[in-house]
Amino acid sequence: SHIAPAAKIVGEVRNADVYLGIFGVRYGSIDQATGISMTELEFNEAEASGKPMFLYVIRDDAPVKVSDVERDPKATAKLNSFRDRILRKNVVYMFSTVQDLASQGYSDLEKL
């Protein structure tokens with residue numbers, strides 16, 4: 001039985017005890033049915049479910065490779081809008097390096 005990727009990830013979030021969201025410099029794979037990225041679909045489900053969320057957003061001044069940054073203008077607009085929404089409505093940790101992210105992630109999960 002084939003489950004659509006979007007349905008699978010939403011189910012995974014639904015079954016999780018906590019949602020850990022990491023948001024970087026790409027919008028992510030798009031779900032063709034909705035035009036929304038898999039990452040945003042995950043976030044929407046976690047938000048709707050009211051479960052505990054630990055959210056990590058990359059800082060604007062983080063050292064990232066140019067090749068890693070979103071290039072598609074439509075995806076960039078969606079990423080910026082999504083990022084603004086996350087920052088407006090939630091407490092987030094702003095990270096700049098993988099080590100910084102990992103350290104904060106472990107620290108947050110230890111609080112559970």
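The following paragraphs describe the sheet, the helices, a pocket and three individual residues of a predicted model.

The model contains an open sheet of three strands in the order 1-2-3, with parallel pairing. Strand 1, spanning 19-23, and strand 3, spanning 93-95, are the edge strands, each of which pairs on one side only. Averaged over the sheet and with direction ignored, neighbouring strands are turned by 20° against each other. Strands of a sheet pair through backbone hydrogen bonds, in either a parallel or an antiparallel arrangement.

The pairing of strand 1 with strand 2, which comprises residues 53-58, is parallel and extends over five bridges. Within this pairing, Leu20 has Phe54 of strand 2 as its bridge partner, Gly21 stands opposite Leu55, and Phe23 stands opposite Val57. The two faces of strand 1 can be told apart by their cover: Tyr19, Gly21 and Phe23 make up the covered face, whereas Leu20 and Ile22 make up the uncovered one. In passing from strand 1 to strand 2 the chain runs through helix 2, and this β-α-β crossover is right-handed. On the other side of strand 2, three bridges join this strand to strand 3, and the two strands run parallel. Val57 takes part here through its bridge partner in strand 3, Met94, in addition to standing opposite Phe23 of strand 1. The connection from strand 2 to strand 3 leads through helix 3, and this β-α-β crossover is likewise right-handed.

The enclosure of strand 2 can be followed from the accessibility of its residues. Because five of its six residues are buried, strand 2 is largely enclosed by the rest of the structure. Tyr56, which is found in this strand, may serve as an example, since its relative accessibility of 1% lies under the 20% below which a residue counts as buried. When neighbours within four places in sequence are left aside, the contacts of Tyr56 include Leu20, Gly21, Ile22 and Phe23 as well as Tyr93 and Phe95. Further contacts of Tyr56 are made with Leu101, Gln104, Gly105 and Asp108. Tyr106, at a separation of 50 residues in sequence from Tyr56, lies 12 Å away from C-alpha to C-alpha.

The helices are placed as follows. Helix 2, residues 38-49, packs on the sheet and touches strand 1 and strand 2, its direction making about 145° with that of strand 1. Helix 3, residues 73-89, lies across strand 1, strand 2 and strand 3, and runs at about 130° to strand 2. In helix 1, which consists of residues 5-15, the buried residues are Ala6, Ile9, Val10, Gly11 and Val13. The elements that cover these buried residues include strand 1 and helix 2.

Helix 3 also contributes to the largest pocket of the model, supplying four residues, the largest share of the lining. The volume of this pocket is about 190 Å³. The lining is formed by 13 residues, of which Gly24, Val25, Asp60, Leu79 and Arg83 are the closest to the centre of the pocket.

Two further residues, Ala75 and Ser29, illustrate contrasting surroundings in terms of accessibility. Ala75 is located in helix 3 and counts as buried because its relative accessibility is 12%, under the 20% limit. Apart from neighbours within four places in sequence, Ala75 is in contact with Tyr27 and Glu70. Ser29, by contrast, is situated in the loop between strand 1 and helix 2, and counts as exposed because its relative accessibility of 55% is over the 50% limit. Not counting residues up to four places away in sequence, Ser29 touches Ile36, Ser37 and Met38. The C-alpha atoms of Ser29 and Thr39, which are ten residues apart in sequence, are 7.8 Å apart in space. Ser29 and Ala75 are themselves 46 residues apart along the chain, and their C-alpha atoms are separated by 9.7 Å.

How values were computed: Residues are numbered from 1 along each chain as its sequence is written. This is a predicted model: local features need pLDDT of at least 70, side-chain atom pairs count only at pLDDT 80 or more; totals for chains, interfaces and linings use all residues. Side-chain values use heavy atoms; hydrogens and water are left out. Two strands pair if DSSP finds at least two bridges between them. Axes are lines fitted to C-alpha atoms, for helices over the stretch in contact, and angles run from 0 to 180 degrees between N-to-C directions. Contact means heavy atoms within 4.5 Å. Buried means under 20% relative accessible area, exposed over 50%, partly exposed in between (1.4 Å probe, protein chains only). A crossover is right-handed if, with the strands pointing away from the viewer, the path from the first strand over the helix to the second runs clockwise. On a 1 Å grid over the protein atoms alone, a cavity is a set of points where a 1.4 Å probe fits but cannot get out, and a pocket is an open set with protein on both sides within 12 Å along at least five of seven lines; lining residues have an atom within 4 Å of a point. Grid points are joined across faces, edges and corners, and a volume is the space filled by probe spheres set on the points.
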